[in-house]
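Here's a quick tour for anyone meeting this structure for the first time. Keep the 3D view open and follow along topic by topic.

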Amino acid sequence: MYRRVLGAATAAALTLGLAGAAPAPPHRPAAPGVEVWVTTPDGTELLHRRPSVAFRPGASARTTITVDPGQAFQRMDGFGASITDSSAAVLSALPPADRDAALRRLFDPADGIGISMVRQPIGSSDFTAAAAHYTYDDVPAGQSDFALAHFSIAHDERQILPLLRQARRLNPELTVVATPWSPPAWMKTGDSLLEGKLKDDPAVYDAYARYLVEFVRAYAAAGVPVDYLTVQNEPQNRKPNAYPGTDLTAEQEEKVVEALGPLLKKASPRTKILGYDHNWATHPDDVRNTPPGEDPETDYPYRLLDSDAARWLAGTAYHCYAGDPSAQSALHDAHPDKGIWFTECSGSHGPDDTPAQTFRGTLTWHARNLTVGATRNWARSVLNWNIALDEHDGPHNGGCGTCTALLTVHDDGGVSTGAEYYTIGHLSKFVRPGAVRIASTSFGTPGWNGQLTDVAFTDPDGSTVLVVHNENDAPRDFAVAVGGQSFEYTLPGGALATFRWPKSGAPKADRREVPLTGATATAQPATADAHFAIDADASTRWSTGQAQAPGQYLRIDLGRRTAFDRIALDSGDNLGDYARSWRIEASEDGTRWHPLADGAGTGQLTTVDLPRGTRARYLRITDTAAAPGWWSLADVRLYR
């Protein structure tokens, strides 16, 4: 609810809500239409285009997602999945017209979801249709090929590369990241693609680096340039289930990167190296399978970025199978100069799950953790695993027997879309490469708290894209606000929605948020939680934990005298937890207070405009009325 202070600082604020807003001036251009697409967990709507809505002057009493284009975060590279050997096999088996239609559904930005990034295995993975696992330089056991005389990508020319070239024609913005599951067996202890370590020999590190460079050169010559390269898929997965893998310690990965960096810079300057390429947290199985006396290296990505090899790394890649997306933000905070990419997650199902259960469970988990969770935590990409599989979740050679894909090719030749098609599509169809994530208040968490979670972007053409997920099973009402305008919407339970509005005529933020870095807070009651009100995270909150009563307060020490002329009191998505009336005071010493504003609360978001040039070191927000419900503040924001 917008409130503006009139005259002296002690004057009561005037409500400028939707109902009481003054009409727009006659010369003001019409508000742009906000396009809406929705996918529901019951499948009744699948990237369904709904009627557009429009911004209107004023605010809303509903939970409000505040979008702030003035705060920019990471640049986006793309969204998609992998054309694994298995994916290539099932797509290539389709009649040409059906195969072309399937690829258009995947890669065409207009007629499909515009997949803009793929992750390609370098050699065999568990999702391999071939009877035997392979690399591009296999020789008989006991032999070696340090000259790489037997190197060949002929295997990929049969099915994988033709599909990749067609994908690039459909979407010329396509970005390619490539990953090996294993070096050739002659480079490893045990002389096997399954398990084992890379031999700790300078000649082997050099050979492996040249092998990877040779792959990049060969793919570029085949019409598929590689933009990003990782040196080992899941380097801590020491016991993969009958498929290629390598136990590569952080020290060994550093040695590979040190050998690879100079060669790759010379051979393919466009290709950047990503480190780690494993889970948000070290999987418990990886810890258990650590050889006796060895370190499980639960801080693996930090070791890489703290090492000398970091100079060759663009950043770090993550998977979803252990931990949660907050690990990405923690690493970003430690190494803000390095990027983060999310490169693998597969949907899956239990042995007795129905297709409806699989769709619902996959849609809601991926929406929370990937569509929103990964991107809000600095990921420049979101990549799922297989782009297509058959209806038996294959073919595969070892590994996962219950993994799902974006597309399923059925025994009768039909092609259907899975939940992953939509969790990726709600991003890839609308958020183009080069888009920048911008600030938006989000109330949900990857762990599920039943609230609204979202992420916003500015596209290269200046349009704004907002993706919202309703974690709750019940419908949720909310509003979206930019500057002094907002629109209201109701999203079905569990649904995922994309909202897009153009640059032309769109509302503009008329203030910049003042960072509260270094600020501290106390409160009465529940002072231990007071910092949640100023942590710039609307999924956390300070709450009284008891009925509202006059005299309850939140007190903020800004750390220094700070200029601001607007305060937003956001009670978040805990409906009804707003102060029924309030008073805001300021102080220079934390002892003597003078009033800034007071007023009545009527909704989840209260915005108070103050005279220009207002300055203070301390702020105190006090409840001045009794009410049976709690008082919560999920986010207190200052603007100027």
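Helix H11 (residues 419-428) lies across E3, E19, E20 and E23, and runs at about 15° to E23. Keep in mind that this is a predicted model. The strands under H11 belong to an open sheet of 10 strands, so let's begin there and then work through the other sheets, the rings and the cores.

**The 10-strand sheet**

- Going across, the strand order is E4-E3-E23-E20-E19-E18-E6-E21-E22-E5, and the pairing is mixed.
- At the edges you'll find strand E4 (48-54) and strand E5 (56-57), each pairing on one side only.
- Helix H10 (residues 355-376) packs on this sheet too, touching strand E3 (33-39), E6, E18, strand E19 (452-458), strand E20 (464-470) and strand E23 (496-501). The direction of H10 makes about 50° with that of E19.
- Strand E6 (residues 64-75) and strand E18 (residues 436-440) run antiparallel, joined by 4 bridges. To spot the pairing, look for Arg75, which stands opposite Val436 in E18.

**The 3-strand sheet**

- Another open sheet has 3 strands in the order E15-E16-E17, again with mixed pairing.
- Strand E15 (388-390) and strand E17 (415-417) each have a single partner strand, so one side of each is left without a neighbour in the sheet.
- On average, neighbouring strands here are turned by 30° against each other, ignoring direction.
- E15 and strand E16 (residues 407-409) run parallel, with 3 bridges between them. In this pairing, Asp390 stands opposite Val409 in E16.
- Helix H1 (residues 85-92) packs on this sheet and touches E15 and E16, its direction making about 70° with that of E15.

**Strand E32 and two of its partners**

- Strand E27 (residues 553-563) is joined to strand E32 (residues 615-623) by 7 bridges, and the two run antiparallel. Ile556 has Leu619 in E32 as its bridge partner.
- Strand E29 (residues 581-587) also pairs with E32 in the antiparallel sense, over 6 bridges. Here Arg583 has Thr622 in E32 as its bridge partner.

**Aromatic rings**

- The count comes to 24 aromatic pairs.
- One of them is Tyr208 with Tyr211, a stacked pair with 6.2 Å centre to centre and 25° between the planes. Both sit in helix H5 (residues 202-221), 3 residues apart, which is about one turn of the helix. Both are buried, too.
- Tyr276 and Tyr300 make a tilted pair, 5.4 Å centre to centre with 40° between the planes. This pair links distant parts of the chain: Tyr276 is in strand E11 (residues 272-279) and Tyr300 in helix H8 (residues 300-306), 24 residues apart.
- Are Tyr276 and Tyr300 buried or exposed? Tyr276 has a relative accessible area of 2%, so it is buried. Tyr300 comes in at 0% relative accessibility, so it counts as buried as well.
- Phe55, Phe478, Phe487, Tyr489, Phe499 and Trp501 form one aromatic cluster.

**Charges over rings**

- Arg580 lies over the face of Tyr578, at 4.1 Å from the ring centre.
- The charged end of Arg620 sits over the ring of Trp593, 4.3 Å from its centre.

**Buried packing and cores**

- In helix H9 (residues 326-334), the buried residues are Ala327, Gln328, Ser329, Leu331 and His332. What do the buried residues of H9 pack against? They pack against H8, strand E12 (313-319), strand E13 (339-344), H10 and strand E14 (379-386).
- The largest nonpolar core holds 100 residues, and Phe107, Tyr219, Phe342 and Ile387 touch the most other members. H5 gives the most to this core, with 12 residues.
- If we leave out residues up to four places away in sequence, Phe107 touches Ile83, Gly114, Ile115, Val118, Ala167, Leu170, Asn171, Leu174 and Ile387.
- Apart from the largest core lies another one, of 30 residues, including Ile534, Val608, Ala616 and Leu638.

Note on methods. Residues numbered from 1 in each chain as written. Predicted model: local features only at pLDDT ≥ 70, side-chain atom pairs only at ≥ 80, totals over all residues. Heavy atoms only, no water. Pairing = 2+ DSSP bridges. Axes fitted to C-alpha atoms, helices over the stretch in contact; angles between N-to-C directions. Contact = heavy atoms within 4.5 Å. Phe/Tyr/Trp six-rings, centres within 6.5 Å; stacked < 30°, edge-to-face > 60°. Buried < 20%, exposed > 50% of the residue type's maximum accessible area, 1.4 Å probe, protein only. Lys NZ or Arg CZ within 6 Å of the ring centre and 35° of its normal. Core = buried A, V, L, I, M, F, W, Y, C linked by side-chain atoms within 4.5 Å.
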